[in-house]
Amino acid sequence: MTALILDAPGAFRLVETGTGADTGTEQPAPGPGDARVRVHASGICGSDRELYQGNRPEGYVRYPVTPGHEWSGTVEAVGAGVPEALVGRKVVGEGFRNCQVCDRCHAGDTTLCTAGYEETGFTQPGAMADTLTLPARLLHPLSDDADLGAAALLEPAACIAAAALKAHAQPGERVAVVGTGTLGMIAVQFLAAVSPARLLVVGTRPDRERLSLDFGATDFRTRDQLSDQLSGYDVVIETAGSASAARSSASLLRRGGRLVLTGIPAAGADGLDPTDLVIRQIEVQTVFGAPPAAWSHAVRVFDAGLLTLRPLITHELPLTDFASAIELVGSGDPAVGKVLLRPQGLD
């Protein structure tokens, strides 16, 4: 079995574990409650670049680690206590390794688990490997005909599903998305599904206008096209991950509007003006990861054919091309969308 290990920022290696059919030996069976998944694809996002560069916040990474928190695959073995019916199923899985027993976990807020932060691909082995073993309770089975390449984007989709559920957008409301990356394009689709009166997309990439409109937006503006007259929105979901994007998002809202922040700016960035938030009674919520309800929502929408993810993928590379993939993601090239690594090789 092959796995990529990031020993420290900028230092990675591919290792052969010496188990698997190619060596004539068997992989260890999953432990009780676990499942082993043969990974089809693992996506790369900004947090993976943080991992590689060494600027992920302290406490949210543990080297050495196998990255890969966005993934899809097929269950190939299960441990004791796990239904055998899962074997052969296409799946995706939650990343947060919650304790299940604290008050936040019992409330369904597993991303707020009081036992401390543990997540696949950051502090626990991730999916940039031939196989991934994790608690079976974290798996979400997909339909038999699911596109596993597109399904690798269900982790960011689940995060946006969490934002959409918190936003409570209603039919006929004026809604907006700030940010035109993968998260932004998924957010457009979730908001379009509630039949808004207007759906504005704001970003720094003019090339995303056509895709935004195809996904249901009614208007597209670049950040330099915003003005004081462009306001009065009921709901804004921010996905850009900068403090300036958060401020632009707040400026779009009507008094009493609802703002959901999903991006994570650099530490110490100037934030929103609390005086403005109080006077205009803006409701602000945030998303970091996705709880089970959001995952279920995203998978249900995807399986129903109501979430289009394949057009967001621009590059698929073998796991051996990790260095090239990381460089692509940080290139700033507008032609680069979601980059997938394929541990089993390209079809």
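Here are a few exercises on this predicted model, each with a worked solution.

Ground rules: residues count from 1 along each chain as its sequence is written. Since we're on a predicted model, local features need pLDDT of at least 70 and side-chain atom pairs count only at pLDDT 80 or more, while totals for chains, interfaces and linings use all residues, and side-chain values use heavy atoms, with hydrogens and water left out.

**Exercise 1. Check the confidence.**
What is the mean pLDDT of the protein chain, and where is the pLDDT below 50?

- Step 1: pLDDT is the predictor's confidence in each residue, from 0 to 100. The chain averages 94, and 97% of its residues reach 70 or more.
- Step 2: Over residues 20-25 the value is below 50. Beyond near neighbours in sequence, that stretch has seven contacts in the model (contact: heavy atoms within 4.5 Å).

**Exercise 2. Hunt for backbone oddities.**
Find the cis peptide bond at Pro64 and place it.

- Step 1: Recall that most residues other than glycine have a negative phi, and most peptide bonds are trans.
- Step 2: Going from Tyr63 to Pro64, the bond is cis, with omega near -5°.
- Step 3: Pro64 sits in the loop between helix 1 (46-53) and strand 4 (70-78). Helices (H or I, at least four residues) and strands (E, at least two) are DSSP runs, numbered from the N terminus.

**Exercise 3. Work up Gln281.**
What is the phi of Gln281, is the residue buried or exposed, and which residues does it contact?

- Step 1: Phi is near 55°, a positive value in a residue other than glycine.
- Step 2: Gln281 lies in the loop between helix 8 and strand 13 (283-286).
- Step 3: Buried means under 20% relative accessible area, exposed over 50%, partly exposed in between (1.4 Å probe, protein chains only). Gln281 has 58% relative accessibility, so it counts as exposed.
- Step 4: Setting aside neighbours within four places in sequence, Gln281 contacts Arg255, Gly256 and Gly257. Its C-alpha is 9.2 Å from that of Arg258, 23 residues away in sequence.

**Exercise 4. Repeat for Gln100.**
Where is Gln100, and what is its phi?

- Step 1: Look in the loop between strand 5 (90-93) and helix 2 (103-106).
- Step 2: Phi is positive, about 75°, although Gln100 is not a glycine.
- Step 3: With a relative accessible area of 43%, Gln100 is partly exposed.
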